[in-house]
Amino acid sequence: MKQRISRRLMLAFATFTLGVSASFGLFAMAFVYTVEDRFFDRLLAREVVTQQANFQANGKWAKPTSQFIQLHLSTATLPDDLGKQLAESPRRKEFFGHDNRHYHLAHLVQRGESALLVAEVSELLVVRPIRQELLGWLLGWGAAMVMFALILAWRLARRTSAPLEELVMRLNGADPNCLPTQILAQSRDDEIGALARGLDELMKRTRKLIEREQLFTGDVSHELRTPLAVLRMAIERLQTNQNAENNEHDLRCQLTAMHTATILMAQTVDTLLLLAREKNDGPVATVLILPLIEKWILANEVWLDRQRVTIGIQLTQKDNVALPSAVAQLVLANLLGNALVHGVAGGTIRISMEARVLCITNSSADFQDVSNAARPD
């Protein structure tokens, strides 16, 4: 990981620096050549003004004031290397001749008369003689800047990859049964710190998930013991009396008990699975209690009739609990099912709200099931 990050940063920095250096070199060369050409064009422009003034005064062209500027009244008197190029490109003002000669031209037109001012500036050129030296200087500075960029990228990659490497080591050495509470030893106010804080939050949620899974295993073994015992006793009784002549009422009672036990197990499993899921820390809406109780009574009517149990409800229409509807339904079904199983036949299950706590009691002298978690809003 460290080598890949270092190489990518070094390649990116070197490429960027090389591109900037090349662009700067091209700009510098274009700048010095443009300045030099503008200088010669300025000299020719001054000569044109002088020639036009002299023609206005004397009616003829004067001798150029500069030795490197020549006056040609016809293209026939131009140097051969210049005349051929001018014939092909009459609008050009700059030409390259043989033997490193360099020409700048200016046209003169006055009262129908035309002439050419030709400046042969090969002896006055400054950039061309030092072009190799200038290119070498630019290449040297470009190489130095690339080396500086590589060093900077290497140092930056080293500082960046060190905390990432620490993250990888801490994660690889983490024990699922004892997850670390803080990935990085020191907090950082950057992207790596944000990543570490996100991993810390994930570790926290993972620890809670493991705890819920462990609690779920224990709750399953505890909560399913009662309905399994009911099923086992009913099956054993049927097996014991399988050769005897059973009356229809006893058989129906045994089947009803077995069916009720399976419903209770299904409700218990649904409750535990729902409670084992990750909790949502957002706001929870309230749900009314009476409709949930009515739904449970209708679903367990056969069991209630068999046990001859009476439901005593001491609630108002506005009593509610701050739980999701599905959770409240499953928790209430589990509590009422426990009260029904552990109570006495012919007794009463009372449901009331005392001190903002939902209380469920049955007729058994040694049993009272109180729901502390289902507080009202």
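**View A. A nonpolar surface patch that includes M145 of helix 3****.** In this predicted model, a nonpolar patch on the surface is formed by W137, W141, M145, F148 and L152. Together these residues have about 580 Å² of accessible area. M145 is found in helix 3, which covers residues 131-172. The relative accessible area of M145 is 38%, and M145 therefore counts as partly exposed, a class that lies between the buried limit of 20% and the exposed limit of 50%.

**View B. The aromatic pair of F55 and W61****.** The structure holds 4 aromatic pairs. One of them joins F55 and W61, with 4.5 Å from centre to centre and 35° between the planes. The pair is classed as tilted, because its angle falls between the limits of 30 degrees for stacked and 60 degrees for edge-to-face. Are the two residues buried or exposed? F55 has a relative accessibility of 5% and counts as buried. W61 is buried as well, at a relative accessible area of 13%. Both values are under 20%, so both residues fall in the buried class.

**View C. An open sheet of 4 strands****.** The strands are arranged in the order 1-4-3-2, and their pairing is antiparallel. Strand 1 (69-72) and strand 2 are the edge strands, each pairing on one side only. On average, neighbouring strands of this sheet are turned by 30° against each other, with direction ignored.

**View D. The pairing of strand 2 with strand 3****.** Strand 2 spans residues 94-96 and strand 3 spans residues 102-110. The two strands pair in the antiparallel sense over 3 bridges. Which residue of strand 3 stands opposite E94? The residue opposite E94 is H104.

**View E. D99 and N100 in the loop between strand 2 and strand 3****.** D99 lies in this loop, and N100 has its place there too. Most residues other than glycine have a negative phi. What is the sign of phi at D99 and at N100? Phi of D99 is positive, near 55°, and phi of N100 is also positive, near 65°. Neither residue is a glycine. D99 has a relative accessible area of 69% and is exposed. For N100 the relative accessible area is 59%, which makes N100 exposed. Both values are over 50%, so both loop residues belong to the exposed class.

Technical notes: Residues numbered from 1 in each chain as written. Predicted model: local features only at pLDDT ≥ 70, side-chain atom pairs only at ≥ 80, totals over all residues. Heavy atoms only, no water. Buried < 20%, exposed > 50% of the residue type's maximum accessible area, 1.4 Å probe, protein only. Phe/Tyr/Trp six-rings, centres within 6.5 Å; stacked < 30°, edge-to-face > 60°. Pairing = 2+ DSSP bridges. Axes fitted to C-alpha atoms, helices over the stretch in contact; angles between N-to-C directions. Patch = residues over 30% accessible without salt bridge, like charges linked within 9 Å, V, L, I, M, F, W, Y side chains within 5 Å. Areas by Shrake-Rupley, 256 points an atom, 1.4 Å probe, with all protein chains shown as cover. Salt bridge = Lys/Arg side-chain N within 4 Å of Asp/Glu carboxyl O.
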